[in-house]
Amino acid sequence: MKLIIIDYGSGNLRSVENAFLNSITDNNLKCNIEVTNNLHTISNADYLVLPGVGSYPDCKKGLQNTKGLIDVLSEQVIHKKKKFLGICVGMQLMFDYSLEKMRTPGFGWLSGNFSKIKAVGKDYLGRNYKVPHMGWNSLNLKYICHPILENISEKDQYYFVHSYYLKTSETSQLIASTNYCHQIPAIVGQENYLGVQFHPEKSSLSGQKLISNWLKWKL
Amino acid sequence: MLSTRVIACLDVHGGRTVKGINFVDLKDAGDPVEQANLYSKTGADEICFLDISATYEKRKTMLDVISKTAKTCFVPLTVGGGVNNLDNFCELLNCGADKVSVNSSAVYNPKIIRESSDKFGNQCVVLAIDAIENKAMPSGYEVTTHGGRKNTNLDVLNWAIQGVRNGAGEILLTSMNADGMKTGYNLQLTKLISENVSVPVIASGGAGNPKDMVDVVLKSGASAVLAASIFHFGIHSIFSVKKEMFKNGIQVRGCEN
């Protein structure tokens with residue numbers, strides 16, 4: 001199997017590569033990883049991972065800098081049904097648009113948009129809610145059974161760092177959520193494509209479990 | 001519910017970990033890569049590397065330390081010390097750092113916060129503030145640089161607010177009076193900044209035992225606690241700190257019952 005981590009100048013490519021490599025080795029999987037923006041290589045891959053840190057408009061611009069990249073991604077994911085994982089801003093790009101800095105359209109694969117986290121009131125210790133939502137949080141798993149959640153419980157915690165959250169009326173896309181001031185979708189997707197708002201590559205053993213589940217997930 | 005983070009800090013000089021009392025009289029506490037891995041395995045929520053090397057050549061060794069650490073250590077890594085421009089940011093992030101902290105360079109070139117947060121996102125920019133008590137300042141605290149050796153005539157509260165306005169996504173607040181003393185965090189300083197900025201504040205400087213961590217969270221509203229020496233020399237483990245926090249009603253990672 002060939003896994004591509006899409007290279008469009010996002011800062012955390014190495015971390016994502018390291019975490020996936022570790023999971024592949026631990027699980028004895030036969031899978032090669034390449035970090036690239038080469039359209040031909042991407043078209044010939046089996047699995048696609050889109051990382052993303054920084055602002056939504058910057059990530060979108062980074063993708064647009066490689067001519068034809070977004071079209072190739074949509075073709076491979078929506079039409080050819082390749083297994084896809086979007087991470088953080090990579091997940092956010094799967095939706096209609098974000099209001100970060102300015103209204104920027106995403107790929108429109110899933111329905112919803114991103115607004116700033118409403119940090120009002122105080123937390124259980126009387127502290128003001130801070131934005132970004134930064135740190136380790138647990139998942140609410142009551143929605144559906146999904147292979148990505150194998151062996152993952154509400155005791156597992158994941159590393160989040162983001163200021164914008166998904167607003168959607170399409171509840172069938174929701175696989176897990178988290179709570180920070182209000183409910184925040186954490187794992188979303190349908191069919192062959194999934195997105196995670198948190199960083200599995202930075203979520204220690206809980207992150208490794210999720211990455212392994214995604215790698216082993218049979219469509 | 002969001003867990004309160006416990007961050008292990010490693011002061012690195014020429015590729016080796018050190019920790020001094022009030023930043024002088026350094027003691028060797030080992031290999032940073034090995035230590036970072038041990039910390040992440042024993043429950044550290046983040047690792048913070050602070051490069052205190054004085055020369056460019058020695059700082060180069062830091063890139064190697066980060067690359068090696070990022071290969072096996074899957075928790076967020078923050079790196080600071082000697083970060084003067086966007087190229088420095090780029091190098092560190094490419095090696096596997098998740099966040100970069102700026103301290104002296106932000107004082108001498110305040111534009112670096114705006115430029116780096118525009119380019120890499122505010123989640124990636126940590127404003128590190130070394131505060132000393134100074135009654136002549138409006139907030140009672142003055143920003144210092146160079147490990148507390150140079151005064152800046154900047155008020156800590158104003159500086160923190162301005163830093164957040166310019167795009168810092170987090171504040172790493174060190175009390176230089178408390179640093180290395182093991183007598184507890186500066187609760188008044190931490191509370192002042194936590195209550196007046198919209199981003200998370202990491203309390204640093206002065207941790208002597210797990211109860212100090214509990215106090216700075218409950219009494220000062222810190223989003224995260226950072227310590228170096230009490231972890232290095234095995235005085236207290238990260239687990240014992242988390243257990244104490246959990247016992248006191250603070251949500252932490254990896255301590256359920």
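**Entry 1: a sheet in chain A**

I began with an open sheet of four strands in chain A, ordered β6-β5-β7-β10 and paired in a mixed fashion. The model is a predicted one, which I keep in mind throughout. I then looked for the edges of this sheet: they are β6 (104-105) and β10 (164-167) of chain A, each of which pairs on one side only. Next I followed β5 (residues 97-98) of chain A to β7 (residues 113-116) of chain A; the strands run parallel and two bridges join them. For a register point I noted that A:Ser98 has A:Phe114 as its bridge partner in β7(A).

**Entry 2: strand β3 of chain A**

Here I wanted to know which residues of β3 (residues 47-50) of chain A are buried on each side. A:Tyr47 and A:Val49 are buried on one side, A:Leu48 and A:Leu50 on the other, and both faces are covered. I reminded myself that side chains in a regular strand alternate between the two faces of the sheet.

I looked up the neighbours too. Strand β1 (residues 2-6) of chain A runs parallel to β3(A), with three bridges between them, and A:Ile4 has its bridge partner in A:Leu48. Strand β4 (residues 83-87) of chain A is also parallel to β3(A), joined by four bridges. In that pairing I found A:Tyr47 opposite A:Lys83.

**Entry 3: strand β6 of chain B**

I turned to chain B and checked β6 (residues 99-102), where both faces are covered as well. B:Lys99 and B:Ser101 are buried on one side, with B:Val100 and B:Val102 buried on the other. I noted the lysine in that list with interest. Strand β5 (residues 77-80) of chain B pairs with β6(B) in the parallel sense over three bridges, and B:Val79 is matched with B:Val100 as its bridge partner.

**Entry 4: helix α8 of chain B and its two neighbours**

Two packed helices are described by the angle between their axes and the distance between the axes, so I looked up both values for each pair.

First came α7 (residues 187-196) and α8 (residues 210-220) of chain B: their axes come within 9 Å and cross at roughly 45°. That angle makes α7(B) oblique to α8(B), and the crossing is right-handed. On the α7(B) side, the contact is made by B:Leu187, B:Thr190, B:Lys191 and B:Ser194; α8(B) brings B:Asp215, B:Val216, B:Lys219 and B:Ser220. I sorted these residues by class and got two nonpolar, three polar and three charged.

Then I took α8(B) with α10 (residues 238-247) of chain B, whose axes come within 8 Å and cross at roughly 45°. These helices are therefore oblique to each other, and this crossing is right-handed. From α8(B) the contact uses B:Pro210, B:Lys211, B:Met213, B:Val214 and B:Val217, and from α10(B) it uses B:Ser240, B:Val241, B:Glu244 and B:Met245. By class I noted six nonpolar, one polar and two charged.

I also asked what covers the buried residues of α7(B). The cover includes β7 (125-133), β8 (141-145), α6 (156-165), β10 (170-175), β11 (201-204) and α8 of chain B. Among the buried residues themselves are B:Leu189, B:Leu192 and B:Ile193.

**Entry 5: where the chains meet**

Last, I looked at the contact between the chains, which takes 34 residues from chain A and 33 residues from chain B. On the chain A side, elements giving two or more residues include α1 (13-26), β9 (157-162) and α6 (204-216) of chain A. The largest share, six residues, comes from β8(A). This side has eleven nonpolar, 17 polar and six charged residues.

Methods. Residues are numbered from 1 along each chain as its sequence is written. Chains are lettered from A and ligands numbered from 1 in the order in which they are written. This is a predicted model: local features need pLDDT of at least 70, side-chain atom pairs count only at pLDDT 80 or more; totals for chains, interfaces and linings use all residues. Axes are lines fitted to C-alpha atoms, for helices over the stretch in contact, and angles run from 0 to 180 degrees between N-to-C directions. Angles under 35 degrees count as roughly parallel, over 145 as roughly antiparallel, 65 to 115 as roughly perpendicular and the rest as oblique. A crossing is left-handed if the near helix is turned anticlockwise from the far one by less than a right angle, and right-handed if clockwise. Two residues are in contact if their C-beta atoms, placed from the backbone, lie within 7 Å. Ala, Val, Leu, Ile, Met, Phe, Trp, Tyr, Cys and Pro count as nonpolar, Asp, Glu, Lys and Arg as charged, and the others, Gly among them, as polar. Two strands pair if DSSP finds at least two bridges between them. A residue is buried if 20 or more other C-beta atoms lie within 10 Å of its own, exposed if 12 or fewer, and partly exposed in between; C-beta atoms are placed from the backbone.
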